[in-house]
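User: I am new to this structure and would be grateful for a close look at a single part of it. Please choose one strand, describe its partners and its surroundings, and then place it within the rest of the chain.

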Amino acid sequence: MKLLLEHLHITGHTPRPARRRAQFKGEVLPETLVDACPRVRVADLPPGFLKKKWFEHLEQNQQIASCCRHPENHFIEAKRSHPEEPAPDIYQFFCDRCNKKHTFVCMGLEDTLPIWKVAA
Ligand SMILES: [Zn+2]
């Protein structure tokens, strides 16, 4: 399987104040998720392609199981939180040992996002 990789630089998600408020309260995300990037093995992506802070968060989180503290043991997929969202803003890691999901939400107005797709 060949993957096409790119970094997408965004300078602003479409403002959605209601959605932001809901997320800050820790409520569940609206059911409008759209698949953006397919599930792939983190280990199949080149070093440095994914955000370093996601790796650090998993590696250093004492609240999660020890198997989940190894980012390279995860699958990752990306979603858009709304069909009109121009770029992925939800990245989900799935531990391949215990299958637990770890979600990272990108809410920044300016960001560089990793994007991947399977080559046809
Ligand atoms: Zn795990």
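Analyst: Two strands are said to pair if DSSP finds at least two bridges between them. The model examined here is a predicted one. The part chosen is strand S4, which comprises residues 90–95. S4 and S5 meet this condition, since they pair in the antiparallel sense over 5 bridges. Within this pairing, Phe94 stands opposite Lys101 in S5.

S4 also has a second partner. Strand S3, residues 74–80, pairs with S4 over 6 bridges, again in the antiparallel sense. Two facing positions illustrate this arrangement: Phe75 stands opposite Phe94 in S4, and Glu77 stands opposite Gln92 in S4.

These pairings belong to an open sheet of 4 strands, whose order is S2-S3-S4-S5 and whose pairing is antiparallel. At its edges lie strand S2 (34–41) and strand S5 (101–105), each of which pairs on one side only. On average, neighbouring strands of this sheet are turned by 20° against each other, with direction ignored.

The next matter is the two faces of S4. In a regular strand the side chains alternate between the two faces of the sheet. The covered face of S4 carries Tyr91, Phe93 and Cys95, whereas Ile90, Gln92 and Phe94 form the uncovered one.

The covered face leads to the interior. Tyr91, Phe93 and Cys95 are members of the largest nonpolar core, which has 11 residues. The other members are Ala36, Cys37, Val42, Leu58, Cys68, Ile76, Ala78 and Trp116. Two or more residues of this core are given by each of S2, S3 and S4. The largest share, 3 residues, comes from S4. Tyr91 may serve as an example of the surroundings on this side: leaving aside neighbours within four places in sequence, Tyr91 is in contact with Trp54, Ile76, Ala78 and Phe104.

From the end of S4 the chain passes into a hairpin, with 5 residues between S4 and S5. Asn99 lies in this loop. Its phi is near 70°, a positive value in a residue other than glycine. Most residues other than glycine have a negative phi. Is Asn99 buried or exposed? Asn99 is exposed, because 10 other C-beta atoms lie within 10 Å, and a residue counts as exposed if that number is 12 or fewer.

A strand elsewhere in the chain offers a useful contrast with the covered face of S4. Strand S1, residues 3–10, contains His9. S1 is hardly covered, for the count of buried residues among its 8 residues is 0. His9 is itself exposed, because 10 other C-beta atoms lie within 10 Å of its own. S1 is joined by 8 bridges to strand S6 (residues 111–118), and the two run antiparallel. Leu3 of this pair stands opposite Val118 in S6. His9 and Leu113 are 104 residues apart in sequence, yet their C-alpha atoms are 6.3 Å apart in space.

To return to the chosen part, S4 pairs with S3 over 6 bridges and with S5 over 5 bridges, and its covered face consists of Tyr91, Phe93 and Cys95.

How values were computed:
Residues are numbered from 1 along each chain as its sequence is written. This is a predicted model: local features need pLDDT of at least 70, side-chain atom pairs count only at pLDDT 80 or more; totals for chains, interfaces and linings use all residues. Axes are lines fitted to C-alpha atoms, for helices over the stretch in contact, and angles run from 0 to 180 degrees between N-to-C directions. A nonpolar core is a set of buried Ala, Val, Leu, Ile, Met, Phe, Trp, Tyr and Cys residues joined through C-beta atoms within 7 Å. A residue is buried if 20 or more other C-beta atoms lie within 10 Å of its own, exposed if 12 or fewer, and partly exposed in between; C-beta atoms are placed from the backbone. Two residues are in contact if their C-beta atoms, placed from the backbone, lie within 7 Å.
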